[in-house]
Each structure stands twice: as C-alpha cells, then as structure tokens.
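Visitor: Could you take a close look at one helix for me, and then connect that helix to the rest of the fold? Short sentences are welcome.

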Amino acid sequence: MEMDTIAAISTPMGEGAIGIVRVSGPDAFNIVNRLYQGKKPLIEVDSHTINYGHLIDPLSSDIIEEVMVSILKAPRTYTKEDMVEINCHGGLISVNKVLQLALNEGARLAEPGEFTKRAFLNGRIDLSQAEGVMDLIRAKTDRAMNVAINQVEGKLSKRVQTLRQALLETVAHVEVNIDYPEYDAEEMTLEVLQEKASYVSSEIDRLLQTAHQGKILREGLSTVIIGRPNVGKSSLLNNLVHENKAIVTDIPGTTRDVIEEYVNVRGVPLRLLDTAGIRQTEDIVERLGVERSRKVVNDAELVLLVLNYNEELTTADEELFQLSEGRDTIIIVNKTDLPEKIDMERIQSLAGSRPIVTTSLLKDEGVDELEEAIRHLFFAGDLETGDMSYVSNSRHIALLTQAKKTIEEALGAVEAGMPIDMVQIDITKAWELLGEVIGESVSESLIDQLFSQFCLGK
C-alpha cells in the first residue's frame, strides 16, 4: 500500500514547555534530515533514539529551533511506517514554524486522525482499538480511561474475534454437510450449529449487559437539576463543580437559562444542566428559560429534584415529581440548616422508591451522601476493574444487538425445521456484523467518517 509522507502538530496549541511535530511516511527521515543539523545525520542514527540538534532553514541557513528529534524506524512504530517526532519549544510560533519547514520539504499536512488511520490500515490495530484511542483522549474519569485503555490493548477485539471464530467453525461445518452429505449427518450438524450459536448469543448478551455503564463512561450522563426558584439548584451545581459557575442570590428567577457543565462524581461523568426555576411567570425571558427547562428534563437520563426544607410543599413541587416520572431521579431536600416546614412524609410518599437525600449546601452538608447516591444508582456493585471489556461505543452496541438478533433468528429457523443452508445465511450475516465491530468488513466511507472525528496529529 503506497502512502505519502504526512506531518502534523501532535501537542495542544498554546504556550507550553514542549511542542511535538510528528512526521510519518516513506520520506520522513529524508525530509527532516534536510532540515536537521546535529552530531550525525539522522539517516545514520539508530532507531528509537532521540537526538539533540538544531533545525536550519534551507533557504537562509538560519537556525530556526533547538530540537530533540526521535527516530523511529518501521515497522516498530505507531503507524508501522518510518516516523520522526520533532520536540521543540512549545509556543505557537515555534511549533508552526517547524511544521511549515516539514511541509516545505515535501510532507503533506495530515488529516484529522490520519496517523491512527494508517495504524489501522497497516494492520497494527483494528477498528475498535482505533476508536479506543479517541475514547482514551476524551476520557473524563479514571474509570473511563481504564475502559478505553483496555479497548486500545485489544480486550474487546479478542472477545469479538473468539465469537467470530466460533461462528466460522459453524459455517464450515454446514458447508461440509452440504457438499459432502455422505460424511456428515445433518442431525449432528444441527447440534453443532445450535451449540455454537447459543454460546455466541450468550456471550454477546454478556457484552451488551455492560453497554449501559460503558456508554455512560464514554459519553457522560445527561443530568438535569430542577426545582422551583430559590431552592438551591445553582448552589448544587457550584458545589458539584467545585467552582462558582452559576450566580447565586436570594432573588427568585436569577437563573434564566440552562447552564451546562461536566463534572466527575465518584467515577460517574455527569453532563450537568442547571435549569431555570420552574414556575408560572410573566417575565418573557424567564418564561423562555422555564420552557427550555421542561424540554431538557424530557431528554435527561438523571434528574436531581431539589426541594426547600424551609418551605411547605406546593402544587408546583408535586408537579415536578410527575415531570420526572419514569426517569432515574434523586430527591434532594435542601436548606436543612433552617427550620423544618416541609412535610417529609408526603415527600416519601411522592418519591416512592426514588432515593431522598437531605442537604445544607450553604454549610456543605449532605453532599457526600448525594454523590454516593449518584454512584450507587448507576454503578451499584462497582465495575470490575480487572477485566474492562466494556462496550461503550454506540456503533459497537448497535452491531452487537443486530448480530444477536440474527443469531436468534437462525436458532428459531432450526427449531422450525428450516433447511440448513437457509440457516447458514443468518449465521454468516452475524459473522459479518461482528466483523464490522473490529473493521474486518467495513466500508471505506465509514472508516473515513470515524477517523474524521479525531484531532489533528493523532
């Protein structure tokens, strides 16, 4: 497979101690060698060494940068191609100048995710591992990072490969029966088919059981804070974020719109939305905020319903219980530092099985209990950190679900007495769907779409 030489900045843009420009492809050594001045030419140094020197502008012979250059010879590199990583000073001007020199010497600016795409196309990693690289970059909690690392290392790939092999053996068994019926009884073939297909179906089930938690770890849990005005919603947001993101006053209706923040609560990544207090109002701006609040509740995966310990329960409060019906909800009774006026027995009746937490956000009381309630609601029993073969990617979940459905159709066809060659079609389809998870059978357009979501330089 012929590929040109690409280059890109691999470190975040901005001021920093070090910036890295990465070059990969058949002409990587020659391009950088023409710019480099050091003790030895780069084409003569050993692989996997880092070399001190300077980059020289070929046109003016001026020194552009003091650099440390890593030489990485194929195939033991990230892309399985010859690679050079130029470590320079981490400033906007210096890093861009180094990149421009490489481009002037014949390298092409890499597309988003092209280094990882080459690693996939050159067979160093499969598609699910490549997607794990992006999940690792975007991880917002330690647990999410552990799941991504195990995906990059190929734990999910190995499990999928094992299932594909079981289906492949089944297909081969059926083929032998069809082509050489005198050597293999159909009854025995059906037994093997049912055994293998049932095994694969149950293993896919086990993977899909991790999908809910895995998706939360990857994408964050859409969490909305609701309540009447001035019950402490913005104080709760600030407390969870550990920063004064929302304005807090004693004036009802201070929050006019939805405020969004990401926060890590005991390993659960929350996409936290603080809403305008839900009430009837004549203020046009506040009314728009209330309408938006109602909409985000409909889309939320977790609702934090805040009530005021120092006020009697109102009809508006009871309506909020109905609004959050059918969603994972935690009831928070705030302002316990003030005298009790709310009817706690009525709250318990309205809450049903939904957890209730009492807090005084002003005095930082009850926050630990709230965080534990959130963790327990979604990760009861904890994740098994020893084997993190969790399915977190929506594409993987959809393909595994389709594969399981196809296998179940094959098993149903066997029970219905369908011809074995008809059953084979479903088994082969399931094998192909599992192949799409790891990129064994996937379209070029899908590959381009997936890698376009990566950052430049990765």
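Guide: Start with the length of α4. Its twelve residues, at 1.5 Å a residue, should span 16 Å. The end C-alpha atoms of α4 are 17 Å apart, so expectation and model agree. Bear in mind that this is a predicted model.

Next, the cover over α4. The helix is mostly covered, with nine of its twelve residues buried. The buried set begins with Leu 127, Ser 128 and Gln 129. Ala 130, Glu 131 and Gly 132 are also buried. Val 133, Met 134 and Asp 135 complete the set.

Asp 135 leads to a cavity. A search of the whole structure finds one cavity of 30 Å³ or more. The largest cavity holds about 110 Å³ of space. Its lining has 16 residues, and Asp 135 is among the closest to its centre, along with Ala 139, Ala 144, Leu 217 and Arg 218. Three elements give two or more residues each to this lining: α4 (127-138), α5 (142-152) and α8 (211-219). The biggest share comes from α8, with five residues. By class, the lining of the largest cavity has seven nonpolar, four polar and five charged residues.

Charged residues bring up the salt bridges. The count comes to 18 salt bridges. One of them joins Glu 114 to Arg 108, with the closest N and O atoms 2.7 Å apart. Glu 114 has 8% relative accessibility, so this residue counts as buried. Buried means under 20%. Arg 108 has 28% relative accessibility and therefore counts as partly exposed. Both residues belong to a network of salt bridges that links Asp 4, Glu 81, Arg 108, Glu 114 and Arg 118.

Two further salt bridges lie within helices. In helix α13 (residues 367-379), Glu 372 and Arg 375 are three residues apart, about one turn of the helix. Their side chains meet in a salt bridge at 2.9 Å, N to O. Glu 372 is partly exposed, because its relative accessible area is 29%. Arg 375, at 14% relative accessibility, counts as buried.

Helix α14 (residues 394-415) holds the other pair. Lys 404 and Glu 408 both lie in α14, four residues apart, about one turn of the helix. Lys 404 forms a salt bridge with Glu 408, and the closest N and O atoms are 2.7 Å apart. Lys 404 is at 13% relative accessibility, so Lys 404 counts as buried. Glu 408 is at 41% and counts as partly exposed.

Now the strands. Strand β7 (residues 108-109) pairs with β1 in the parallel sense, over two bridges. There, Ala 7 stands opposite Leu 109 in β7. Look at the side chains of strand β1 (residues 6-9). Ile 6 and Ala 8 point one way, Ala 7 and Ile 9 point the other way, and all are buried. In a regular strand, side chains alternate between the two faces of the sheet.

β1 has another partner, strand β2 (residues 16-24). Four bridges join β1 to β2, and the two run antiparallel. Ile 6 stands opposite Ser 24 in β2. β1 and β2 form a hairpin with six residues between them. In its turn, Gly 14 has a positive phi of about 135 degrees.

A second hairpin follows in the tour. Strand β4 (residues 49-56) and strand β5 (residues 63-72) pair in the antiparallel sense over eight bridges. Asn 51 has Val 69 in β5 as its bridge partner. The hairpin of β4 and β5 has six residues between the strands. Ser 61 in this hairpin takes a positive phi near 65 degrees. β5 also pairs with strand β6 (residues 83-90), antiparallel, over five bridges. Here the bridge partner of Ile 71 is Val 84 in β6.

Back to α4, to close. Nine of its twelve residues are buried. α4 is also one of the elements that give two or more residues to the lining of the largest cavity.

Conventions: Residues numbered from 1 in each chain as written. Predicted model: local features only at pLDDT ≥ 70, side-chain atom pairs only at ≥ 80, totals over all residues. Heavy atoms only, no water. Pairing = 2+ DSSP bridges. 1 Å grid on protein atoms, 1.4 Å probe; cavity = no way out; pocket = protein on both sides within 12 Å on 5 of 7 lines; lining within 4 Å. Points joined across faces, edges and corners; volume = space filled by probe spheres on them. Nonpolar A, V, L, I, M, F, W, Y, C, P; charged D, E, K, R; others polar. Expected span 1.5 Å × (residues − 1). Buried < 20%, exposed > 50% of the residue type's maximum accessible area, 1.4 Å probe, protein only. Salt bridge = Lys/Arg side-chain N within 4 Å of Asp/Glu carboxyl O.
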